[in-house]
2 protein chains.
Amino acid sequence: MPPITLKQLAAELGLSPTTVSRALNGYPEVNEQTRARVAQAATRHHYRPNTRAKALATGRAMAIGHIIPISTQHEIVNPIFADFIAGAGEVYSREGYDMVLSLVPDAEQTRAYREIRAKGTVDGIIVHGPKEDDPRIALLAELGMPFVVHGRATGAKVPYSWVDVNNTRAFQRATEFLLDLGHRRIALVNGLEFMDFAIRRRHGYEAALAARGLATDPALMVQGEMTEAQGAHAARAMLALAHPPTAFLCSSLLSAMGVRREVEAHGLRLGRDVSIVTHDDELGYLRNGEAEPIFTATRSSVREAGRRCAQMLLGIIADPASAPRHEMLEAVLVVGRSTAPAPTIAR
Amino acid sequence: MPPITLKQLAAELGLSPTTVSRALNGYPEVNEQTRARVAQAATRHHYRPNTRAKALATGRAMAIGHIIPISTQHEIVNPIFADFIAGAGEVYSREGYDMVLSLVPDAEQTRAYREIRAKGTVDGIIVHGPKEDDPRIALLAELGMPFVVHGRATGAKVPYSWVDVNNTRAFQRATEFLLDLGHRRIALVNGLEFMDFAIRRRHGYEAALAARGLATDPALMVQGEMTEAQGAHAARAMLALAHPPTAFLCSSLLSAMGVRREVEAHGLRLGRDVSIVTHDDELGYLRNGEAEPIFTATRSSVREAGRRCAQMLLGIIADPASAPRHEMLEAVLVVGRSTAPAPTIAR
DNA sequence: TGCGACATCCAAAGCGCTTTGGGAGCGATT
DNA sequence: AATCGCTCCCAAAGCGCTTTGGATGTCGCA
């Protein structure tokens, strides 16, 4: 049994489709009594307007697109993503929007965005995982499609709307915190540094060191996929150095867990011999402790970022002519049990 | 500049919309030469048929819905999900389908599925995270909407299509493996046991023990969210027992990492004093080692499951009258460095 | 009594596409 | 020369909704 249509509903009520449509959409030119009758019949039949037809008639798809770049070189379909989606999804379902995902191979991005525009399945787009000089931004701007970037793209020439965490400041702050504890050999276990966020994190780290007159040491800086193995590998290599680091700054909880494992495998104690500060995205299934954090961390909810992005995009769609919007989220530095003053006795 | 329409394209070519449509869709009643002209003009203008209009005309939305239940009690928006989506997404984009996600609070499931059906935004649905006696299955069957369940729902009364890992056999096999190594005190760190997969895993574990005439010990069985903390908590409690387990069977790599941490914190050595076998979903960003596995594991790619689900669903949509389909994926037992014969000397 | 104002409803067009039901043109067949 | 059978194209209807532009009826007021 197919779903009931507006026309059928109208026929049953002895009304015209016009009136029923108006009644349901709250237009004034309909008797309140009739409106009530219509509403009642609608709920009785579980009537829902067909989205495709409505979209065609109104020109609004009532859907937002999330385009996930998939490349052979790295995984963007990552732990961050699920939580971000969850946050954005909350907003969409509250506002009656659908969320459509497209996985697009890196090579076909231009074609894909064009196509999505032409197909008209979505009213706006959220851009994930911006890289330095990301070409997608200029493309979307040119296509005239509303969009919000989660993150920023250093080097973009056109203005655009974004929601981002202050990665630079967060990592600068974290580095300062470790410096204040007396650490001088601080390692950076970063994400892939063609990703914008990773670039900014490194800048923050470098700025903090520079402010104290300290030079960076390439041997203490790695970049890569933010996995547990990455952390373990990095720590293993660095702890074997003649001058090993006394502290690690990690880009994700997973990396931090890898570092912790290797630190402990070396017979060192975390939060005494070695300190770790990590960035914590507050992922649903990867918590940094409960009430009290385990790792000292720069904490910023990616789910909240998802909510903000979604909200901003809906705002832009409602008022497309408005100026680009920006929202900077500040990460808070929460102190856990993974940091302590630098050991004074040389190891 | 709005995207070009069929009509405009036809006008430019001096043809009727009918002919252009047929040319583009490969119908035979059009001159090959004209078809070529049309095709060329189409690509030149980046023409893409408007999905909404096409959907309305054909009655096919060319989209698949993934409904993610969100409940207050636990997170289904979990690490599994991103990888599953990635797998399914591959198939969809290859076949020209869109993927639409809806986050639906547990309480509103019935309403939500009805609504999705009536709105006509999708041609089929993939059901995530089935629970015991999951009501969604009967509901979808009644609505006459094509669907495939990722997993199964013990106790469902109607026939339905599913793709599932043989969780029972996997955990039975893993338990036997540990028993063969001489372990007698084997702990089970399971997922939440109202989830179907967790129930089956427990059954497999119990069956293996029973087959050797061993009783289960409630003190060695926990269930919960599969996080690193869960593993650590469970291990801490169990290692403090008078008769601690010599082996752990974990439902996820994260739990296993938690167990490992606690084991090492107790000064025990993994793969000598204590063994761990875990289930490994082969998540993109949570790898169990590289070439050689770190943990001995029952391994089954959730991304592959996503692909299979998607493929099956498209098959059902193509032939809705066909009988329900089933696909059982077998997990392989891969041996890593986390298992060894049970220590003979009592600790 | 007549007229404008208002409230309430409806017919029809249109969104961009597919699809049914022809119809014109043309060479081949009888 | 009339007919048949193709090939190739088109007009028009329809998918389910919104929206413009009336139509009808009722009421108040001069």
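Modeller: Let's fix one word before we start: a residue is near a molecule or strand if one of its heavy atoms lies within 4 Å of it. This is a predicted model, where local features need pLDDT of at least 70 and side-chain atom pairs count only at pLDDT 80 or more, while totals for chains, interfaces and linings use all residues. Residues are numbered from 1 along each chain as its sequence is written, chains are lettered from A and ligands numbered from 1 in the order in which they are written, and side-chain values use heavy atoms, leaving out hydrogens and water.

Biologist: Fine. How many residues surround DNA strand D, and which are the closest?

Modeller: There are 26 around DNA strand D, with A:Leu6, A:Ser21, A:Arg22, B:Thr19 and B:Arg22 the closest. Looking at the DNA side, 56% of the strand D atoms within 4 Å of the protein belong to sugar or phosphate, and the rest belong to bases.

Biologist: What makes the pair between A:Thr18 and DNA strand D a polar contact?

Modeller: The term asks for a pair of N or O atoms within 3.5 Å (within protein, one must be able to donate a hydrogen and the other to accept it, and residues adjacent in sequence count only if both atoms are side-chain atoms). A polar side-chain atom of A:Thr18 sits 3.2 Å from a base oxygen of strand D, so the pair qualifies. A:Arg22 also passes, with a side-chain N or O atom 3.3 Å from a base oxygen of strand D. A:Asn25 goes for the backbone of the DNA instead: its polar side-chain atom is 3.0 Å from a phosphate oxygen of strand D.

Biologist: And what does A:Arg22 do at DNA strand C?

Modeller: A side-chain N or O atom of A:Arg22 comes 2.3 Å from a base nitrogen of strand C. A:Arg22 is also listed among the nearest of the 26 residues around strand C, along with B:Leu6, B:Ser21, B:Arg22 and B:Tyr27. Of the strand C atoms within 4 Å of the protein, sugar and phosphate make up 56%. B:Ser21 has a polar side-chain atom 2.6 Å from a phosphate oxygen of strand C, and B:Ala53 uses a polar backbone atom, 3.3 Å from a base nitrogen of that strand.

Biologist: Which helix gives the most to the surface near strand D?

Modeller: That's H4(A), with four residues; near strand C, H4(B) gives the most, also with four. Helices here are DSSP runs of H or I with at least four residues, strands are E runs of at least two, and both are numbered from the N terminus. Near strand D, helices H2 (17-24) and H4 (51-58) of chain A and of chain B each supply at least two residues.

Biologist: How do you know that the two copies are related by a two-fold axis?

Modeller: Chain A lands on chain B after a rotation of 180° with 0.1 Å of shift along the axis, at RMSD 0.2 Å. The copies are therefore related as by a two-fold rotation axis. The superposition is by least squares on C-alpha atoms of residues with pLDDT of at least 70 in both. In chain A, A:Val100 comes closest to the axis, its C-alpha being 2.1 Å away.

Biologist: Why is A:Glu282 called partly exposed?

Modeller: Buried means under 20% relative accessible area and exposed over 50%, with partly exposed in between (1.4 Å probe, protein chains only). A:Glu282 has 25%, so it falls in between. A:Glu282 also has a positive phi of about 55° without being a glycine, and lies in the loop between strands S9 (275-280) and S10 (296-299) of chain A.
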